[in-house]
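Here are my notes on the structure, set out as numbered points for you to check against the coordinates. Please read them with the display open.

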Amino acid sequence: MPRFDLPENELHAYRPDVREPADFDAFWADTISEARAAGEGIRLDRVESPLETVDVFDLRFPGFGGHPIAGWVVAPRDRSGRLPAIVEYIGYTGGRSFPHEHLRWASSGYVHVIMDTRGQGSQGSMGITPDPVGSGPAVSGFVTRGIESPETYYYRRVFTDAVRAVDAARAIDFVDPEQVVVAGASQGGGITLAAAGLAGGLAAALPDIPFLTHFERAVGFTESTPYEEVAIYLRAHRDAVERAFTTLSYFDGVNFAKRATAPALFSTALMDVVCPPSTVFAAKNWYAGTAEIDVFPFNGHEGGGPSSWPRQAEWLARVLAVRGA
């Protein structure tokens, strides 16, 4: 696959005008407030495991509408006091999977909170959290579910769950509530941007090859799913173009980036047809806080692959050391 997007020097300067609803802040303030009022408290149950250096807990917390959301908490067994926490969001169609697949952050001294994504987790990795809310006509997948309005859109529920996952992490008695980090790749990266713009008081954000950014460029620019799901929907619903993009503007990672102040480390790949680099740079270049980006010139949606995590861990250690000084 040849490079297809803007040249890299133009990407670093790419700061497009992105549709932003006038009531964006009020919409999300009301949504998060309603979710917090609908349920509170967490359940943390220790899970028996052959793992000898970490403790594993099954996490349940109330998300959007008070709906029960599952997760894992993986923490160093030999711990004292409160530790920094990584709240991780999962890629498209995946779920929380098994705790032994989540060892890197706990092995490095962090409490690792993995949020199950409602309604997903039957392709790639297993999930167990249902989405009890239905939707109107939609394309197979999740990106067009409830696209008729921002109130009914699927990602309103997911992004609210993400903020509530941060609330849950802060409520764990061995987590330092001032040292909570959000992280994720692809869909998880898009959810990370939403949490960074909505949760407040975060220590850092790690949006890796993020999806769900700059919709009006991505849809029609790439033929790859998941963005292609919107194009397929609009081929059938020809009169719904304006309505669909108005809905999506409430969920655009660029608009969350404008409101996110925690230090951030992005990543992108210049041959990524799933999350084109210009859509990632649009969010990075609008990011309100300090933001860096790792660029992989010859990679696709795998991005940095296994080479990304050591870089993230080194960067995060420096950021948290400065924050704690």
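The points below go from the whole chain to one crossover and then to one arginine.

1. The model is predicted, and every remark here should be read with that in mind. The protein chain contains 11 helices and 11 strands, and its C-alpha trace spans about 55 × 40 × 35 Å along the principal axes.

2. On overall dimensions, a compact globule of 325 residues would have a radius of gyration near 20 Å, and the 19 Å of the protein chain therefore agrees with that expectation. Buried residues account for 60% of the 325 residues. Among contacts with a separation of 6 or more, 74% are between residues 24 or more positions apart. The chain exposes about 12,900 Å², of which carbon and sulfur atoms supply 52%.

3. Strand β10, residues 264-269, is mostly covered, with six of its six residues buried. The two directions in which its residues point are worth inspecting separately: Ala264, Phe266 and Thr268 point one way, whereas Leu265, Ser267 and Ala269 point the other way, and all of these are buried.

4. Which strands pair with β10, and in what sense? Strand β9, residues 204-208, pairs with β10 in the parallel sense over two bridges, and strand β11, residues 291-296, also pairs with β10 in the parallel sense, over six bridges. Serine 267 of β10 is the bridge partner of aspartate 208, and serine 267 also stands opposite aspartate 294 in β11. From β10 the chain crosses through α10 to β11, and this β-α-β crossover is right-handed.

5. The helix of that crossover, α10, covers residues 277-286, and because 10 of its 10 residues are buried, α10 is largely enclosed by the rest of the structure. The buried residues of α10 include Val280, Phe281 and Trp286, but also Lys284 and Asn285, and I would suggest looking at the surroundings of this helix in the display.

6. Is arginine 164 buried or exposed? This residue lies in helix α4, residues 154-171, and since its relative accessibility is 8%, under the 20% cut-off, arginine 164 counts as buried. The side chains of arginine 164 and aspartate 167 are joined by a polar contact of 2.7 Å. Leaving aside residues up to four places away in sequence, arginine 164 touches Ala35, Arg36, Gly39, Glu40, Phe61, Pro62 and Gly63.

Methods. Residues numbered from 1 in each chain as written. Predicted model: local features only at pLDDT ≥ 70, side-chain atom pairs only at ≥ 80, totals over all residues. Heavy atoms only, no water. Buried < 20%, exposed > 50% of the residue type's maximum accessible area, 1.4 Å probe, protein only. Helix = DSSP H or I, 4+ residues; strand = E, 2+ residues; numbered from the N terminus. Pairing = 2+ DSSP bridges. Right-handed = clockwise from strand over helix to strand, strands pointing away. Rg over C-alpha atoms; globule rule 2.2 N^0.38 Å. Contact = heavy atoms within 4.5 Å. Areas by Shrake-Rupley, 256 points an atom, 1.4 Å probe, with all protein chains shown as cover. Polar contact = N/O pair within 3.5 Å; in protein donor to acceptor, adjacent residues only side chain to side chain.
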